[in-house]
Each structure stands twice: as structure tokens, then as C-alpha cells.
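User: I'd like to go through this protein with you and ask how each label is earned. Could you take me from the overall picture down to single residues?

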Amino acid sequence: MSRISTLAGAVTCALALVTGTAVAASAAPIDQSPSLVEAKVDPVAWTPCNPDPTKPDPGIYDCAVYPVPLDYDNPSGEKVGIAMMRRRASDPSKRIGSLFLNPGGPGGSGYLWATTSRFGAEVQSKFDLVGFDPRGVARSNPLKCFKTQEDADAVTNRMVGVPVTKAEIDETLDADQDYTDACSKNAGPLIEHMSTINVVRDLDRMRRAVGDSQLTFAGFSYGTLIGSTYANMYPNKVRAIIVDGNVDPNLRLHNGLEYDRQRANGFEIALDEFLKRCQAAGAPRCAFGEGDTRAKFDQLRDHLRTSPITLPNGSQVTLSSFTGEVASALYSQAKLAPLAKSLQATYQVFQKPAATALLAPQANVSEEDANLLSVEVPRTALREAPVDSEYTADDSYLAVNCQDKPYPSNDRVFANAAKAWEKDMPTFGRYQAFDAPACASWPAPARDAERFSGPWNKKTSNTVMVIGNLYDPATQYKFAQRMQQELSNAVLVSVDSIEHCAVGRSKALNQLVTRYLVDGTAPAPGQLLKPDAEIFPAV
């Protein structure tokens, strides 16, 4: 993800709500029932491959690069290659079809998700697991805004993740403008065809190319927009679609700024719950659990707004590194106990001069724990580039978001939003407000792009399974509730967890997932499940 790594009702009227100009998806393929003849496409030309060449070949994987039209208005024109990997069903005699997977982002590489262990043995025995890199991502003709890493660093190193001072804000906005200028110069025609509607068209081609009459799909995070868009572009082609860690499709496609404000609030909700559960567990189960966890956290954050904290090894915890690492940790329940150690270690350094800081042995924390919060989260995702590639970042995150989400064309609106949002969301309001200023000057913005912006209520041939964590930071629980409500035929399963996405984290959930994928049995509505692991296990 961009400044949030993995992103305005509360804003004054002067900022105005931005709806943009949504181009209707009139060119989307006409829906047909599974029994009707479809336009033929070339089959996927699979060849055996080894996901990890450093290890013995398990002999169960195939790879391919599947060509799709760059521009669906000109289907016989230039092609884009979609990198695909397949884990063959372990019991071919009982094979049902292919399960397509997308990990989110946008810009997340799904290629190696064919190797995922999130799904149980029964699913792996009856489905080919198919991972793919969407157009412009990683191995699929990666969209690149710079030719060399040196050129990229000259621009991105001027950006501050959480700019506070006027100088920081001005320099960050100027760098964003230079970034979009570079994208306009170097990205080529692909930049005009990165919206989700094109990813969904590619997905439907791949479905037909593997011989499936209907789609079986699991999308996580941004992948839920792919799944929900597919459900409404091709409602009669839905066999089983799982959407986990959900966006709010209608809001995202109609008001990017307000979507981001509500997204920031999701991080605040998750952080507050983490601090409450840490307080309840107490030290030493939660290393940060001694005293008032909320007050301690706020004290650290507020100090960092004006001054960094220098650690004994000389590294510095800044507001940007602190906020980025806290946001990143909230994505995974497994990172929350280590986060508590990092917070406690940093807090102890903060309380004493750095040169004489002595970490309390009973707290079970170390200087290394504090160092984590001094590490800057990368602005752009790293892709698996060839070893001789000078530029290894992936610019598809903004390429998709700026085409899907309508934003103001004045980048100063983002600075004004940051000032307003941080009053109610002091940790993540300013952070999220500076996630997308580049979209103000993006060379292929949403207002000019062909996008699918609804309606989202098409009746699908089968029920969609919606999954939401109660304390999902990146896509707050209200988004999952809205996804279920916006879709015409969907059921919501909830998990009481602080984490982004839930499949693979709860045996009870995975049983429901297995039955849904294998038998087509939709879960009973209203279920609230627990994750298998505890955040702060007893010591």
C-alpha cells in the first residue's frame, strides 16, 4: 500500500463532496445464463513450474501468461499478459473447477497465492487454486512510473508519510505532482486501462479460458471490489464468491475522499480495541499493559508530532515511522503482541534520556523492540522483479485507486482534510488524508475513466459469502455490513478479531468456507465466530 501499508462528511462544506463523473459500464459483456453459448477464448497454455526454485519441485504447479486486451474497446489490438499460477486439484477424479484468488492491494501480487494454506485439504483436493497478478501488477506487465531507482528515490524521498508542518506539506504535495508527471511520461498506455472494470473483464476471460462455466472466487481487501464488481457485471456467472475484508463499493466508487475518511476511522477503532484488550490483559501478557495504555500511547504520538524519539542505537522514531508501523501491525493479530513490546520499549526510552535509557528487565522488552517503530513503511509495494532491474517498486496501487475513486483536482483539499480529520482521528486522520494527493493530478483520473460504479444490487445466480472482522483496521466492519446490504444476494459472517481479513484464522470459519465452496451451502446469517489464537496468551 501507499503511505498506509498496507487506506468527507466530517469535513467542512468548503471542501465539498466529490462525486466525479462515473462512466457507465456499457461496454461490459452481456450476462448470460451458464447454459447459453459464450464467445470462445483461447485456453490457458499451462506449463509445469516450481514456485520456489530453491526447493525440490513438488510437481503440482503450472504457470502461464494469458493475453488479454489492453483496451476492451479494441479487443483485437494490443495485449497485456496476465501471469497465472495453478495448484492442481489433489484429487482430479473429484475436481469441481478452479478457485481464483486475489489478495487485494490494489497492486497485491496474487501469483503465489496458488500456494496458500488458507483453505483446507478438501478445498485443495477438489479445486485448482489459481493465483494471478492483475494487469499492471508484478509479473503482469508492471506499471512503472520511473525508469531507474535513482529517479524514483529523488521524488519519493521528498514525501513525508504524515506531514505536519507547512514545509513538510508543501514538499510532499510538490513531490506528488512530480510523481504523477513521471507516471504520465513513463507508464505508457496501460495507465489509462487500470480500473477495476478491466480487471474483472480479465477475470471473466480467465474463467472461460480454464473451462469453468461459472466463477468460483475468493477476494481479500481490494479483492472484494473485484468480487462484488464481477457479481454485478456477470450475475449469472456466479458459482461461489467469497469477499473477505470488505470495501464499501458504492462509497469507494462515488466519493474517494469520504471513503478515505471512513477508512481512517477503521484504523482508529482497531487501535482503540487493541489498547483496551492490552489494558485488560495487563503486563506481562501485554508488554504495554502496565498503567493507562491509552494515555501512554497518546503521549508518545503527541510528542512525535513535534520531536522524534532518539533510541540508544542512534535511530529515531518519527511520527511517520511510528504511525506507519502501528498501522501495519494492526493488519495481523500475530503482530499485536510484538507491537505492544515495541510501544513499551519506546515509551521507556521516551521517559529517560536516550544516552542513559535502561529498559526494565521485568517488562521483557529490548532495544530491538523499540527499533521496529523507527523503520519507515515503504511508500510503494515491492514486486518480484528480475535481479537486474534497477527499479523494483510497483506503482499500480495509485494507478487503480486514482481511476476507481473520484477525488478533487485541487491537491490542497487533502491538506485541509488532514487538519479536519485529525481532530476526531488523531492517530490516522492526517495519515490517511495524505494517502492519495497524487490522484488530484493523476494523468488518467476517475472522472475521465471508464469505471463500473454500480448498481450493486444485481440478483446473482448464487449467494455471495461476505466475511468481516469486527475490528478490521483497513476495511472497517461497517464496510462489510454495507457490502452485504448493497449486494442483492449475500450473507454476512462476522469474526471477533483485530485483523485485516479472516479466512484461515478460524477453524469454525473455514468449515463454513469449505462447505460453501464445495457444496454451495451458504452460511446461516448472523453468525459471530472467534479466531483460533489469542492476542495475548497467558504466560
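**How the labels are earned**

Analyst: Happy to! The protein chain exposes about 20800 Å², and carbon and sulfur atoms supply 51% of it. Please keep in mind that this is a predicted model. The chain has 16 helices and 14 strands, and buried residues make up 59% of its 539 residues.

User: What makes the ten strands an open sheet with edges, and what is their order?

Analyst: The order is β1-β2-β3-β5-β4-β6-β7-β12-β13-β14, with mixed pairing. The edge strands are β1 (47-48) and β14 (527-529), as each pairs on one side only. Helix α4 (residues 196-209) packs on this sheet, touching β2 (61-69), β3 (79-87), β4, β5 and β6. The direction of α4 makes about 125 degrees with that of β2.

User: How do you know that β2 and β3 count as paired, and in which sense?

Analyst: Two strands pair if at least two bridges are found between them. β2 and β3 have nine bridges, in the antiparallel sense, so they meet that cut-off. Asp62 stands opposite Arg86 in β3. β3 also pairs with β5 in the antiparallel sense, over four bridges, and there Met85 stands opposite Gly131 in β5.

User: Where does the parallel sense come in, for β4 and its partner β5?

Analyst: Strand β4 (residues 97-102) and strand β5 (residues 127-132) pair in the parallel sense over five bridges. Ser98 stands opposite Asp128 in β5.

User: Why is strand β7 called largely enclosed?

Analyst: A residue counts as buried under 20% relative accessible area. Seven of the seven residues of β7 (residues 238-244) are buried, so β7 is largely enclosed by the rest of the structure. β3 is mostly covered, with eight of its nine residues buried.

User: Which strands pair with β7, and over how many bridges?

Analyst: Strand β6 (residues 215-220) pairs with β7 in the parallel sense over six bridges. β7 and strand β12 (residues 464-469) also pair in the parallel sense, over four bridges. Val243 is a handy residue to find on screen: Gly219 stands opposite Val243 in β7, and Val243 stands opposite Val466 in β12.

User: What makes β6, α5 and β7 a right-handed unit?

Analyst: A crossover is right-handed if, with the strands pointing away from you, the path from the first strand over the helix to the second runs clockwise. β6, helix α5 (residues 223-233) and β7 make a right-handed β-α-β unit, so turn the model until the strands point away and follow that path.

User: What is notable about the phi of Ser221, and is this residue buried or exposed?

Analyst: Most residues other than glycine have a negative phi. Ser221 has a positive phi of about 60 degrees although it is not a glycine. Ser221 is found in the loop between β6 and α5. At 12% relative accessibility, Ser221 falls under the 20% cut-off, so Ser221 counts as buried.

User: And what about Cys501: where does it lie, and why is it classed as it is?

Analyst: Cys501 lies in the loop between β13 (490-495) and α16 (507-519). Cys501 also has a positive phi, of about 80 degrees, although it is not a glycine. Its relative accessibility is 5%, which is under 20%, so Cys501 counts as buried.

User: Which peptide bonds are cis, and where are their prolines?

Analyst: For background, most peptide bonds are trans. A cis peptide bond joins Gly105 and Pro106, with omega about -5 degrees. Pro106 is found in the loop between β4 and α1 (121-126). The bond from Gly454 to Pro455 is also cis, with omega near 0 degrees, and Pro455 lies in the loop between α14 (429-433) and β12.

User: Why is Thr475 classed as it is, and what is it in contact with?

Analyst: Thr475 has 4% relative accessibility, under the 20% cut-off, so Thr475 counts as buried. Thr475 is found in the loop between β12 and α15 (477-486). Leaving aside its neighbours within four places in sequence, Thr475 is in contact with Gly245, Asn246, Val247, Tyr259 and His500.

User: How do you know that Thr475 and Gly245 make a polar contact?

Analyst: A polar contact needs a suitable pair of N or O atoms within 3.5 Å. The backbone oxygen of Gly245 lies 3.3 Å from a polar atom of the side chain of Thr475, so the pair is within that limit.

Technical notes: Residues are numbered from 1 along each chain as its sequence is written. This is a predicted model: local features need pLDDT of at least 70, side-chain atom pairs count only at pLDDT 80 or more; totals for chains, interfaces and linings use all residues. Side-chain values use heavy atoms; hydrogens and water are left out. Helices (H or I, at least four residues) and strands (E, at least two) are DSSP runs, numbered from the N terminus. Buried means under 20% relative accessible area, exposed over 50%, partly exposed in between (1.4 Å probe, protein chains only). Accessible areas come from the Shrake-Rupley method with a 1.4 Å probe; for residues, only the protein chains shown count as cover. Contact means heavy atoms within 4.5 Å. Axes are lines fitted to C-alpha atoms, for helices over the stretch in contact, and angles run from 0 to 180 degrees between N-to-C directions. A polar contact is a pair of N or O atoms within 3.5 Å; within protein, one must be able to donate a hydrogen and the other to accept it, and residues adjacent in sequence count only if both atoms are side-chain atoms.
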